[in-house]
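Let's take a walk through this fold together. Have the model open and follow along.

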Amino acid sequence: MNAKVIFITFVAALAGLLFGFDTAVISGTIPLVKEQYELTAALTGWFVSSALVGSILGVSCSGYLGDKLGRKYLLMVAAGLFLVSAIGCAFSMSLFGLILYRILGGIAIGLASMVAPLYISEISPKAYRGRLVTIYQLAITLGILGAYFSNNYIQVYAKEFALVSGFFGDEIWRGMFAVEVIPAGLFLLGLIVVPKSPRWLALHGERLKAQQISKELAIDFDDKEEDNKEVHLKTLFTGALKKPMGISIFLMLFSQLCGINAIIYYGPSILAAAGFSMSESLGGQVTIGIVNTLFTFLAIAYIDKWGRKPLLLLGAVGVTIALLITGSLFALNVVSGYWVVGSILLFISCYAFSLGPVQFVVASEVFPTNYRAKAMSISTLVLWAANAVVGQVFPMLLEGLGAAATFIIFGIICIPSIYFIKKYIPETKGKSLEEIEKLWSSAPQKETTELLEKA
């Protein structure tokens, strides 16, 4: 594989690292901020979901900005916002200011969550595209794991950690936010040297430059005249685009309604409900982060061998079973001896090799170039809207109905997804983006899935 492609992929994947870190760092700060500001359950949900509101704002304009500014420059905007958010959260002197900077960080996540996998997909050779886009998801898991480790370290060793105690005193949650400055700065520096997407260049008439970059990256690129006409929202839900749009929206929606980020955000609270202490809960979150990372490597190893659909189907079955088991354990009060931790780890492992990475791979593949950014922004908007709802509702369910009913509800929601994946998700491994585009546009809708699976 071209070394330059690998370097560019790792730089772009830092967006995923920041996505994961910003998502998970909140789990360690929730009980501390809740105590300091005396937050109710509703305010706790708002503290958590404020970043998700920002994500919705960011992803709402990501398609337009991704086409106008380009993939590279939009990633640079996101990197700058990550940096400002980390500094602001660390030094904010009020709950209002803290939430404001969380919203800015959320805008950065919204922009990055759409454009980073899209950019990686557009600079990847077709034989390796699945695993390269999956590196973005791996980076998310590493960001989550990094947040767990840094939260746990600061929680245990805050008094010995001079940088935290010197700046923030007893408010150690500020140090948890401040750590994000390091990856945000590296991301911004790395983006300076990466090239623009050749497919974006071709879309804007710079075909010679597009050909040059494609040659340097040794990627499969159909040198055709791109249609840069304006894309209207209704166009994305009609004709040949209707099925890929539906598939992309479903994957983004299901990836959140299964409850993954509820566990990421409220892991310590869930483990506390099972009888673990605060320090044990944070340690359990570290274990969850390790399993999440390790099983993402399984997706990297097999997504271009087995294909997208088998991984999705296996993962959906595993996620559903794990949620129902977790709910049953709480219902039967079988929470000692790390049974709950085991069932949650089963859930995380199944999600990590399937829904987590494959949703971004499929969404970045199935749309024509001139529709790709806006179509991905719509489907990613669905992801963040569902994420915000789950983040707001989960603590209320946990407090009102209890852990047993909450997990069983999520498990029941997952059951129909198994049928949908089996019947409607196509297989796109081994095809160039232009080949996939031709299949969608040339075949009747009812024949497209069969053609893709036979290809």
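**A tour through the helices**

Start with helix 16, where Leu 355, Gly 356, Pro 357, Val 358, Gln 359, Phe 360, Val 361, Val 362, Ala 363, Ser 364 and Glu 365 are buried, meaning under 20% relative accessible area, with exposed being over 50% and partly exposed in between (1.4 Å probe, protein chains only). That is eleven of the eleven residues in helix 16 (residues 355-365), so this helix is largely enclosed by the rest of the structure.

A word on ground rules: this is a predicted model, in which local features need pLDDT of at least 70 and side-chain atom pairs count only at pLDDT 80 or more, while totals for chains, interfaces and linings use all residues. Residues are numbered from 1 along each chain as its sequence is written, and side-chain values use heavy atoms, with hydrogens and water left out.

Now zoom out. The protein has 20 helices and zero strands; both are DSSP runs numbered from the N terminus (H or I and at least four residues for helices, E and at least two for strands). Of the 455 residues in the protein, 58% are buried. Take the contacts (heavy atoms within 4.5 Å) with a separation of 6 or more: 82% of them come from residues 24 or more positions apart.

Back to helix 16 and one of its partners, helix 11. The axes of these two helices come within 9 Å and cross at roughly 160°; axes here are lines fitted to C-alpha atoms, for helices over the stretch in contact, and angles run from 0 to 180 degrees between N-to-C directions. That makes helix 11 roughly antiparallel to helix 16 (over 145 degrees counts as roughly antiparallel, under 35 as roughly parallel, 65 to 115 as roughly perpendicular and the rest as oblique). The crossing of helix 11 with helix 16 is left-handed, which is the label if the near helix is turned anticlockwise from the far one by less than a right angle, clockwise being right-handed. On the helix 11 side you'll find Ile 247, Ser 248, Leu 251, Met 252, Phe 254 and Ser 255, and they meet Leu 355, Gln 359, Phe 360, Val 362 and Ala 363 in helix 16. Sorted by class, this contact has eight nonpolar, three polar and no charged residues, where Ala, Val, Leu, Ile, Met, Phe, Trp, Tyr, Cys and Pro count as nonpolar, Asp, Glu, Lys and Arg as charged, and the others, Gly among them, as polar.

Stay on helix 11 for a moment. Helix 11 (residues 242-257) has 16 residues, which at 1.5 Å a residue should span 22 Å, and its end C-alpha atoms are indeed 22 Å apart; the expected span is 1.5 Å times one less than the number of residues. Its buried residues include Pro 244, Met 245, Ile 247 and Phe 250. After helix 11 comes Gly 259, with a positive phi near 95°.

Helix 11 also packs against helix 17 (residues 369-400), at an angle of about 20° and with the axes 8 Å apart. That makes this pair roughly parallel. The contact brings together residues including Met 252, Leu 253, Gln 256 and Leu 257 of helix 11 and Leu 383, Ala 386 and Val 390 of helix 17. By class, there are eleven nonpolar, six polar and no charged residues in the contact of helix 11 with helix 17. The crossing of helix 11 and helix 17 is right-handed.

Pick out Ala 386 in helix 17. With a relative accessible area of 6%, Ala 386 is buried. Leaving aside neighbours within four places in sequence, Ala 386 touches Leu 253, Gln 256 and Leu 257. Ala 386 and Leu 257 sit 129 residues apart in sequence, yet 6.7 Å apart in space, C-alpha to C-alpha.

Next, swing round to helix 1 (residues 3-37) and helix 4 (residues 95-122), which pack at about 155° with axes 9 Å apart. These two are therefore roughly antiparallel, and their crossing is left-handed. The residues of this contact divide into 16 nonpolar, three polar and two charged.

Finally, some loops. Glu 38 lies between helix 1 and helix 2 (41-68) and, at 69% relative accessibility, counts as exposed. Glu 38 has a positive phi of about 55° although it is not a glycine. Most residues other than glycine have a negative phi. Gly 307, in the loop between helix 13 (278-302) and helix 14 (308-331), is buried at 0% relative accessibility.
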